[in-house]
Amino acid sequence: MMDEISVSQLKECLQKKTRLLLDVRTVEEYLLSHLPSVHIPLHELEARLQELDPAQPLAIICRSGGRSGQAAQFLDAQGFDDVVNVRGGMKAWRDDIDPTIEVA
């Protein structure tokens, strides 16, 4: 079972800088709106794995939690120590934290 955090927990992580946020949405989705994050679209993740530090705690976000869940499972299988999926993704962030952001 993949570990998950809520968008409220993510907000705290971002404020305290305790986790790096990885956004795995498409370029178009990312350009529309994003949080402070590293952007690697899900389909590029395997090829760009060297851009991430396996020891760095990661939170992974997408639109609603599906693609980020896939990315979290993949990174976990690659030996990343501390990976969590952001439950509900950017839609949950919009609904619970910031209603002004646009989500494709």
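These are my notebook entries on the sheet, the cores and two helices of a predicted model.

**Ground rules.** I number residues from 1 along each chain as its sequence is written, and my side-chain values use heavy atoms, with hydrogens and water left out. As the model is predicted, local features need pLDDT of at least 70 and side-chain atom pairs count only at pLDDT 80 or more, while totals for chains, interfaces and linings use all residues.

**Sheet.** I took helices (H or I, at least four residues) and strands (E, at least two) as DSSP runs, numbered from the N terminus. I found an open sheet of 5 strands in the order 1-5-4-2-3, with parallel pairing (two strands pair if DSSP finds at least two bridges between them). Strand 1 (4–5) and strand 3 (38–39) are the edges, each pairing on one side only. Strand 2 (residues 20–23) joins strand 3 over 2 bridges, and there I noted Asp23 with His39 as its bridge partner.

**Core.** Next I looked up the largest nonpolar core (buried Ala, Val, Leu, Ile, Met, Phe, Trp, Tyr and Cys joined through side-chain atoms within 4.5 Å; buried is under 20% relative accessible area with a 1.4 Å probe, protein chains only). That core has 15 residues, and Leu22, Leu52, Ile60 and Leu75 have the most contacts inside it. Strand 4 (58–61) and helix 3 (66–77) each give two or more residues; helix 3 gives the most, with 3. Another core, of 14 residues, lies apart from it and includes Trp93.

**Helix 4.** In helix 4 (residues 89–96) I found Gly89, Met90, Ala92 and Trp93 buried. They sit on the same side of helix 4 because they cover an arc of only 160° around the axis (taken from the directions from the helix axis to the C-beta atoms).

Technical notes
Buried < 20%, exposed > 50% of the residue type's maximum accessible area, 1.4 Å probe, protein only.
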